[in-house]
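Student: I have a structure open and some terms to sort out. Can we go through them one by one?

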Amino acid sequence: MKIETIAIHAGTIITDSHRPAIQPITTSTTFEHHEGSLIYTRANNPNRLALEQVLAQLEFGDDAAAFSSGNAAAMAVFQALPAGSHIIAPDDMYHGIRKQLVEVFHGIHETSFVNLADEEAVKAAVKKNTRLIWVETPSNPLLKITDIRALVKIAKEHGLLVACDNTFATPVFQNPLKLGADLVMHSTTKFLGGHSDILGGALITRGKSEFWEKIRLVQHVGGAVPSPFDCYLLTRSIKTLPYRMRGHHDNAMKLAAFLNGHPQVEKVFYPGLENHPGFEIAKSQMSGFSGVLSLMVKGGAAKADEVISKLKYFTHATSLGGVESLIERRAAVEGPDSKTPPNLLRVSVGLENSEDLIEDFEEAFQ
Ligand SMILES: *Cc1c(COP(=O)(O)O)cnc(C)c1O
């Protein structure tokens with residue numbers, strides 16, 4: 001099956017004798033005991049099974065586990081590691097997961113934040129107790145590109161696991177498991193959900209290792225699982241994912257080209273631009289560049305805020321991946337410990353007409 005077919009057909013489990021075309025929502029928290037029965041919805045539910053099935057196939061994995069948020073999915077990975085593990089994580093990454101490593105797992109694990117584009121720095125960071133390299137490419141919010149194959153090579157030499165946050169690329173444009181990673185993580189709140197109305201997360205594995213069984217244990221016993229309704233909504237959203245992603249990519253390419261070199265723009269960060277330092281690597285591991293870009297506005301934070309206030313079609317809000325365009329000044333959201341440039345705007349390019357989006361920016365810059 002090709003990806004469009006997987007998206008539509010892999011996430012359906014029909015047991016009803018009326019044979020509905022669409023899988024119903026099973027709200028029951030418990031199931032009558034019988035041979036092979038599900039037991040209890042925290043442990044499993046037909047809608048979650050269907051969701052996990054489509055997620056595993058979309059990423060070319062062997063199994064998937066769905067969580068109630070992207071953060072809960074990431075947290076399960078760190079909880080499944082033995083205490084005292086050392087983790088190598090990117091110097092630019094989603095701030096909420098960085099916060100977990102710095103504040104929640106303080107005293108349990110230790111983390112080195114490294115520029116993953118610098119292979120020598122990664123090798124130098126490996127310690128006796130290193131167990132995991134956490135990758136995020138493209139990264140949030142600087143759209144940094146990491147060479148997944150190169151990191152996998154280093155990891156293999158040292159017996160380390162590689163987990164990749166694939167939220168920005170989505171399985172439509174990048175499949176880290178095919179490039180040798182062991183685990184993929186998604187915030188399904190973003191492009192997979194696609195309509196800014198579901199919070200969710202997922203992990204997908206290559207092979208069912210003991211470590212994967214531990215992650216399953218954290219999922220079942222920890223209980224940060226999505227509701228049957230959220231699983232239903234997400235499988236519904238995923239059906240259109242490949243088509244939506246093409247639209248996000250096309251619109252972001254056009255908007256990035258317009259912003260790149262605009263007299264009021266200091267710099268554009270988008271891996272689809274040839275002047276992006278990660279362009280060649282991105283091209284080698286992604287089949288599209290997705291729908292998020294960042295730009296630095298000339299004139300500092302105040303000018304950046306003014307641009308936001310003048311835009312008509314870009315809602316001033318956090319998050320990304322929905323059909324509607326969103327914009328935010330990232331440093332303001334990340335708070336006082338943010339390392340993001342104060343004049344950096346992160347844009348989630350939606351599925352409106354690209355000419356309207358470009359015109360909106362033209363007018364906001366006036
Ligand atoms: C949003 C996001 C997360 C966290 O996901 P939630 O669903 O908000 O918990 C993790 N990684 C990336 C890259 C994200 O954009």
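Tutor: Start with a definition. A salt bridge is a side-chain nitrogen of Lys or Arg within 4 Å of a carboxyl oxygen of Asp or Glu. Keep in mind that this model is predicted.

Student: How do you know that Arg244 has no salt bridge?

Tutor: The nearest side chain of opposite charge is Asp197, 9.1 Å away. The cut-off is 4 Å, so Arg244 has no salt bridge. Arg244 is buried all the same.

Student: Where is Arg244 placed?

Tutor: Arg244 is in helix 10, residues 241–259.

Student: Why is the pair of Arg244 and Ser237 called a polar contact?

Tutor: A polar atom of the Arg244 side chain lies 2.8 Å from the backbone oxygen of Ser237. The limit is 3.5 Å, so the pair is within it. The Arg244 side chain also reaches the backbone oxygen of Leu192, at 3.3 Å.

Student: Which other residues does Arg244 touch?

Tutor: Among them are Phe191, Gly193, His195, Val323 and Leu351. Residues up to four places away in sequence are not counted.

Student: Now the ligand. What makes Asp165 a polar contact of the ligand?

Tutor: A ligand nitrogen is 2.7 Å from an N or O atom in the Asp165 side chain. That is within 3.5 Å, so the pair counts. For Thr189, a ligand oxygen is 2.6 Å from an N or O atom of the side chain.

Student: How much of the ligand does the protein cover?

Tutor: The protein covers 93% of the 380 Å² of accessible area that the ligand has on its own. The ligand is surrounded by 16 residues.

Terms used:
Residues numbered from 1 in each chain as written. Predicted model: local features only at pLDDT ≥ 70, side-chain atom pairs only at ≥ 80, totals over all residues. Heavy atoms only, no water. Helix = DSSP H or I, 4+ residues; strand = E, 2+ residues; numbered from the N terminus. Buried < 20%, exposed > 50% of the residue type's maximum accessible area, 1.4 Å probe, protein only. Lys, Arg positive; Asp, Glu negative; His and termini not counted. Polar contact = N/O pair within 3.5 Å; in protein donor to acceptor, adjacent residues only side chain to side chain. Contact = heavy atoms within 4.5 Å. Near = heavy atom within 4 Å. Areas by Shrake-Rupley, 256 points an atom, 1.4 Å probe, with all protein chains shown as cover.
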